[in-house]
Amino acid sequence: MADETLFEFLHMEIVSHVYKEQQSSKGTMDNKDRAVCVSVLEGMGFRVGQGLIERLTRDSPSFKDELDIMKFICKDFWTKVFRRQVDNLRTNHQGTYVLQDNKFNLLTQLSNGKQYFDQAPKYLAFSCGVVRGALSNLGLESVVTAEVSVMPSCKFQVVIQKLS
Amino acid sequence: MNTNMAVCIAVIAKENYPLYIRSVPTQNELKFHYTVHTSLDVVEEKISAVGKALGDQRELYLGLLYPTEDYKVYGYVTNSKVKFVIVVDSSNTSLRDNEIRSMFRKLHNSFTDVMCNPFHNPGDTIQSKPSAAGGSAVHSTLRLTPLMVA
């Protein structure tokens, strides 16, 4: 049972390490430093997502269209990575998708409500990167952001970049 | 020596540049590069045909792309739109479809391992060398495929 939490612990350490590194030179963190930390975490997630998707889609047949890909992300991919399926997928059929996970497993240990609300974005950056990396390797360039209102529920917004 | 081996293996990125291409060294390598390059058109055709097909089973294996007088060219595309091309000698009539499929499976497995290698950046050419213990490098597929008939 312990192996499920190994990644959660590692993830917490990664986040805390990245923030400590950025802070080491000065005493306080300004917004620019915070942005750097978030993009470092997101970048890590991106590379992980690319490698993961190669492994996870090895045996599956090719996808029909964008919606098929998003459904795969919500079911199989989310199950393999976050050990549950996305609870709700909404789309405007024009390239924007909102994935809602009511018990996001990287947030369950933080709080069950509003406590530590301002710390939540740090713990979502990596996962946003993972989703973006996975989509990128499947041929969809996207921008992935996450928002939290009540933990551990969170929403990931994916906007597919259309090639013009 | 007529071993059941591929004469050329290529891994092509989704933007259609080669990530990895290896051929049996005795042959004229440039000819294989050219053959692989021309086969990409056929691959594109097959991929777009699959998209319009009504059947649901969209396979990754594309089958025989085209036969030339000396060689047969087979194709395979992954979900990340990376293409694999294998060229075999036409005189190897004993090579059956499922053997080719298993060559592609091995190639796909090795490629997946390369993608997970932290020293490899996706989009770069594949640099990994074959390791002694039958390691994950794509290169080893050329040697050990598919049935080294002595």
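This passage describes the fold of chain A, its interface with chain B and selected side-chain interactions in a predicted model.

Chain A comprises four helices and four strands, which follow one another along the sequence in the pattern α-α-α-β-β-α-β-β. The radius of gyration of this chain is 16 Å, close to the 15 Å that the globule rule gives for 164 residues, so chain A is as compact as a globular protein of that length. Taken along the principal axes, the box filled by the C-alpha atoms of chain A is roughly 50 × 40 × 30 Å. Of the 164 residues in chain A, 43% are buried. When contacts in chain A between residues at least 6 apart in sequence are considered, 58% of them join residues at least 24 apart.

The contact between the two chains involves 17 residues from chain A and 19 residues from chain B. About 1,700 Å² is buried between chain A and chain B, and carbon and sulfur atoms give 43% of this area. Arg47(A), Glu54(A) and Arg58(A) together supply 38% of the area that chain A buries against chain B, which is more than any other three residues. Across this interface one salt bridge is found by the rule, and Asp113(B) forms a salt bridge with Arg55(A), in which the closest N and O atoms are 3.0 Å apart. Nine residue pairs in polar contact, with both residues at pLDDT 80 or more, are also found across the interface. On the side of chain A that touches chain B, the elements that give two or more residues are helix H2 (31-56) and helix H4 (120-137) of chain A, and the largest share, five residues, comes from H2(A). The residues on this side of chain A divide into three nonpolar, seven polar and seven charged.

Over all chains, the structure holds eight salt bridges. In one of these, Glu8(A) is paired with Arg83(A), with 2.5 Å between the closest N and O atoms. Glu8(A) lies in helix H1 (residues 2-23) of chain A, whereas Arg83(A) lies in the loop between helix H3 (66-82) and strand E1 (88-91) of chain A, so the pair ties together parts that are 75 residues apart in sequence. The two partners differ in their exposure class, Glu8(A) being buried at 8% relative accessibility and Arg83(A) partly exposed at 38%.

A further salt bridge joins Asp87(A) to Arg84(A), the closest N and O atoms being 2.8 Å apart, and Arg84(A), Asp87(A) and Asp101(A) are linked in a network of salt bridges. Asp87(A) counts as partly exposed at 39% relative accessibility, as does Arg84(A) at 23%. Asp101(A) is also in contact with Ser153(A), and beyond the neighbours within four places in sequence Ser153(A) further contacts Gln100(A), Asn102(A) and Val148(A). Ser153(A) is located in the loop between strand E3 (142-148) and strand E4 (154-160) of chain A, where this serine counts as buried at 17% relative accessibility. The side chains of Ser153(A) and Asn102(A) are joined by a polar contact of 3.4 Å.

In chain B, the side chains of Arg101(B) and Asp97(B) meet in a salt bridge with an N to O distance of 3.3 Å. Both residues belong to helix H2 (residues 97-115) of chain B, where they are four residues apart, about one turn of the helix. Arg101(B) is partly exposed, with a relative accessible area of 33%, and Asp97(B) is likewise partly exposed, with a relative accessible area of 40%.

Key
Residues are numbered from 1 along each chain as its sequence is written. Chains are lettered from A and ligands numbered from 1 in the order in which they are written. This is a predicted model: local features need pLDDT of at least 70, side-chain atom pairs count only at pLDDT 80 or more; totals for chains, interfaces and linings use all residues. Side-chain values use heavy atoms; hydrogens and water are left out. Contact means heavy atoms within 4.5 Å. Buried area is the accessible area (1.4 Å probe) that two parts lose on being put together, summed over both. A salt bridge is a side-chain nitrogen of Lys or Arg within 4 Å of a carboxyl oxygen of Asp or Glu. A polar contact is a pair of N or O atoms within 3.5 Å; within protein, one must be able to donate a hydrogen and the other to accept it, and residues adjacent in sequence count only if both atoms are side-chain atoms. Ala, Val, Leu, Ile, Met, Phe, Trp, Tyr, Cys and Pro count as nonpolar, Asp, Glu, Lys and Arg as charged, and the others, Gly among them, as polar. The radius of gyration is taken over C-alpha atoms; the globule rule is 2.2 Å times the number of residues to the power 0.38. Buried means under 20% relative accessible area, exposed over 50%, partly exposed in between (1.4 Å probe, protein chains only).
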